[in-house]
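Hi there,

I am passing this structure on to you, and I hope you enjoy exploring it. Please open it in your viewer and keep it beside this email while you read.

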Amino acid sequence: EEEVFEVDKNLEKKVQYLVKWKNYDGQDDDTWEPADTLVEAYDHIKKFENKLAVMEEMENVKLTTANETNELKAEESSEFNKANETTIEEVETQEKSKKENPKKNKLAPVQEDVYNVEALVEKKGSKYLVKWENYPADQNTWEPKSSIPDFIVKYYEADLTRLGNPAPSNLKEVEEAEDVEEVEEVKEVEEIEEDEFVVEKILEKRIGKKGKTEYLIKWKNYDSEEDNTWEPVNNIDGYKSLVDAFEDDLIASTKVQSEVQKVNGEAVKTSEVEKPAEIKPANGEVEKPAEIKPANVEVLKKKKEPKPTKKEKKPVPVPVQEDVYIIESLIKKHGSKYFVKWENFPSDQNTWEPKSSIPEFIIQYYEEDPSRLGTPAPAESQALAQEDDYEVEKILEKKTSKKGKIEYLVKWKNFDDPADNSWEPSNNLVAVQDLVDKFDKDLEVKEDVSSILNMV
């Protein structure tokens with residue numbers, strides 16, 4: 001005889017979930033786990049519970065609809081039976097009348113009242129309150145969807161704000177209304193697209209913190225210089241023609257600036273050379289030549305040779321020793337030029353120099369932080385040593401920029417001053433995607449932990 005187990009009382013309720021483990025595809029590998037051991041998988045639990053709630057709600061709606069349909073059928077059946085009830089006496093009287101008057105003409109068919117739908121006024125469940133044509137409002141009746149022409153139901157269900165408006169007289173009117181709606185939707189989409197950011201012009205080029213090429217973009221319909229932004233190449237993939245045109249102009253201007261003009265057989269600095277003609281880019285607008293930075297730290301200047309007088313014989317040319325000019329610091333900036341303090345030269349010999357004649361790593365040093373202007377420029381060895389110094393230590397915050405892009409506030413390793421923290425777009429942090437994912441997950445945990453506890 002088998003032992004019978006009878007429930008004495010319920011001691012505790014524990015919620016468990018059937019878990020599918022990653023990289024384990026066999027059904028035998030799925031296991032039931034209590035909720036308190038799945039806190040780290042709260043996002044999966046949340047999605048599952050939401051899906052479960054939606055399914056239960058749909059099931060309730062189906063049951064409600066089925067009950068209303070059954071009630072409606074019962075009402076219709078009852079009304080039909082009442083309308084068609086005929087007493088036994090009426091039947092006998094009709095039969096007797098037929099026998100007594102065999103030659104009497106057949107009764108003319110009774111003309112039925114015609115009911116045309118003027119409008120659907122309200123909706124409740126699967127029924128509509130119908131306004132009948134040529135009948136007052138107090139004779140409106142609730143009718144099931146099944147007793148209303150399909151094209152009329154379709155017209156109102158496409159847009160419930162039409163309730164109370166006249167019903168269409170045929171399917172063609174419904175289709176025309178749908179066509180108008182599609183046109184309006186297209187107009188709305190076009191209006192939305194007008195708000196997208198369109199590149200109008202590329203102004204400058206630079207190398208970013210991580211050695212990535214960036215371009216200074218002028219956006220269409222944004223005429224303030226404050227709206228111009230530095231964008232990496234992958235943010236402007238759709239404007240390859242503009243990028244190519246800008247690069248072509250850059251190469252052309254570099255060739256012009258690299259030529260040293262000779263005046264009376266003497267070499268002059270690039271800052272003293274006549275300004276090259278402005279170059280027209282592909283978009284037809286006049287643009288200043290972009291600058292290319294030389295790799296050499298030292299800027300060379302030649303001493304002028306004394307000119308022979310008429311009475312003196314022209315001396316035999318002697319090799320001229322070139323003075324070496326080393327940048328001590330950049331003092332200030334004006335447009336695309338910098339005021340340079342030269343090492344071992346007094347301040348009254350400071351000169352304005354274009355970016356193209358200043359080494360790239362020095363330009364980068366000052367452009368990263370303009371407050372450095374006036375402080376000593378870095379040596380080339382120092383710049384090379386610091387090239388790979390930028391390493392993400394931690395992600396601190398998250399925000400959405402005015403252009404809808406996700407940005408993260410980054411704490412850089414070995415840079416402990418909060419002023420060194422910087423906002424970086426997500427595509428600059430692909431190399432540390434694990435840190436980004438962890439930050440997003442922790443952020444969501446903080447926001448939803450209370451709701452998860454309530455759910456469990």
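In which helix is the place of L52? L52 belongs to helix α1, which covers residues 42-83. Please keep in mind that this is a predicted model. With a relative accessibility of 33%, L52 counts as partly exposed, because that class lies between under 20% (buried) and over 50% (exposed). L52 also joins F48 and M55 in a nonpolar patch on the surface, and together they have about 270 Å² of accessible area.

Next, have a look at the sheets.

One open sheet has three strands in the order β3-β4-β5, with antiparallel pairing. Its edges are β3 (117-124) and β5 (141-144); each has a single partner strand, so one side of each is left without a neighbour in the sheet. On average, neighbouring strands here are turned by 40 degrees against each other, direction ignored. Helix α3 (residues 150-158) packs on this sheet, where it touches β3 and β4, and its direction makes about 50 degrees with that of β3. Strand β4 (residues 127-132) is joined to β5 by four bridges, and L129 has W142 in β5 as its bridge partner.

Another open sheet of three strands follows the order β15-β16-β17, again with antiparallel pairing. Here β15 (392-400) and β17 (422-425) stand at the edges with a single partner strand each, so one side of each has no neighbour in the sheet. The average turn between neighbouring strands is 35 degrees, direction ignored. Four bridges link β16 (residues 406-412) to β17, and E407 has P425 in β17 as its bridge partner.

Happy exploring!

Technical notes:
Residues are numbered from 1 along each chain as its sequence is written. This is a predicted model: local features need pLDDT of at least 70, side-chain atom pairs count only at pLDDT 80 or more; totals for chains, interfaces and linings use all residues. Side-chain values use heavy atoms; hydrogens and water are left out. Two strands pair if DSSP finds at least two bridges between them. Helices (H or I, at least four residues) and strands (E, at least two) are DSSP runs, numbered from the N terminus. Axes are lines fitted to C-alpha atoms, for helices over the stretch in contact, and angles run from 0 to 180 degrees between N-to-C directions. Patches are made of residues with over 30% relative accessible area and no salt bridge: like charges are joined within 9 Å, nonpolar side chains (Val, Leu, Ile, Met, Phe, Trp, Tyr) within 5 Å. Accessible areas come from the Shrake-Rupley method with a 1.4 Å probe; for residues, only the protein chains shown count as cover. A salt bridge is a side-chain nitrogen of Lys or Arg within 4 Å of a carboxyl oxygen of Asp or Glu. Buried means under 20% relative accessible area, exposed over 50%, partly exposed in between (1.4 Å probe, protein chains only). Contact means heavy atoms within 4.5 Å.
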